[in-house]
Amino acid sequence: QLQASGGLVQAGGSLRLSCATSGLTFSRRAVAWFLQAPGKEREFVAAISEDGESVRYADSVEGRFTISRDNAKKVAYLQMNSLKPEDTAVYYCAARFGFLASTRILYDFWGQGTQVTVSS
């Protein structure tokens, strides 16, 4: 099970999302974040390898967002800086065995989603 936490922030502000796991072999799984804005497809944001050595970002968040993980605590994070109103969406964390990926269908464990709202 994956659980994430989100929130409300003003444009230009920062927010850190957390994805806590239970019942998963967390350290053996790549973790990713996706977002889904109203009326749009779920899209890739960032991913991190099992050991945290490799990361990948969508172009839209490169330089603003940072993905990280703490395998001892079984938690993954998404630090979001310089937030924009267009970042408003439901954010999902996801996990999979094997290498990190940006393709949604490759992930087989999903969190319930958390709302992030960036006000202008």
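**Exercise 1.** Is Lys74 buried, partly exposed or exposed? Work this out in the predicted model, then treat Ser82 in the same way.

*Solution.*
- Step 1. The relative accessible area of Lys74 is 37%. Partly exposed covers the range between the buried limit of 20% and the exposed limit of 50%, so Lys74 is partly exposed.
- Step 2. Lys74 is placed in the loop between β7 and β8. Its phi is near 60°, a positive value in a residue other than glycine.
- Step 3. Ser82 has a relative accessible area of 42% and is therefore partly exposed. Ser82 belongs to the loop between β8 and β9, and its phi, near 50°, is also positive in a residue other than glycine.

**Exercise 2.** Find the salt bridges and state which parts of the chain each one links.

*Solution.*
- Step 1. The count is two salt bridges.
- Step 2. In one of them, Glu41 pairs with Arg104, and the closest N and O atoms are 3.6 Å apart. This pair ties together parts 63 residues apart in sequence, because Glu41 sits in the loop between β4 and β5 and Arg104 in the loop between β9 and β10.
- Step 3. Glu41 is exposed at 59% relative accessible area, whereas Arg104 is partly exposed at 33%.
- Step 4. Asp87 forms a salt bridge with Arg64, with 2.8 Å between the closest N and O atoms. Asp87 is in the loop between β8 and β9 and Arg64 in the loop between β6 (55-57) and β7, 23 residues apart.
- Step 5. Both Asp87 and Arg64 are buried.

**Exercise 3.** Describe the largest nonpolar core and the surroundings of Met80.

*Solution.*
- Step 1. The largest nonpolar core contains 36 residues. Among those with the most contacts inside it are Leu17, Trp33, Phe65 and Met80.
- Step 2. Elements that contribute two or more residues include β3 (15-21), β5 (43-48), β8 (75-80) and β11 (114-119). The largest contribution, six residues, comes from β4.
- Step 3. Leaving out residues up to four places away in sequence, Met80 touches Gly13, Ser14, Leu15, Leu17, Arg64, Phe65, Tyr91 and Val116. Arg64 in this list is also the salt-bridge partner of Asp87.

**Exercise 4.** Which residues make a nonpolar surface patch of about 350 Å²?

*Solution.*
- Step 1. Nonpolar side chains tend to be buried together in soluble globular proteins.
- Step 2. The patch is made by Phe99, Ile105 and Leu106.
- Step 3. Phe99 lies in the loop between β9 (89-97) and β10 (109-110). Its relative accessible area is 57%, so Phe99 is exposed.

Note on methods: Residues are numbered from 1 along each chain as its sequence is written. This is a predicted model: local features need pLDDT of at least 70, side-chain atom pairs count only at pLDDT 80 or more; totals for chains, interfaces and linings use all residues. Side-chain values use heavy atoms; hydrogens and water are left out. Patches are made of residues with over 30% relative accessible area and no salt bridge: like charges are joined within 9 Å, nonpolar side chains (Val, Leu, Ile, Met, Phe, Trp, Tyr) within 5 Å. Accessible areas come from the Shrake-Rupley method with a 1.4 Å probe; for residues, only the protein chains shown count as cover. A salt bridge is a side-chain nitrogen of Lys or Arg within 4 Å of a carboxyl oxygen of Asp or Glu. Helices (H or I, at least four residues) and strands (E, at least two) are DSSP runs, numbered from the N terminus. Buried means under 20% relative accessible area, exposed over 50%, partly exposed in between (1.4 Å probe, protein chains only). A nonpolar core is a set of buried Ala, Val, Leu, Ile, Met, Phe, Trp, Tyr and Cys residues joined through side-chain atoms within 4.5 Å. Contact means heavy atoms within 4.5 Å.
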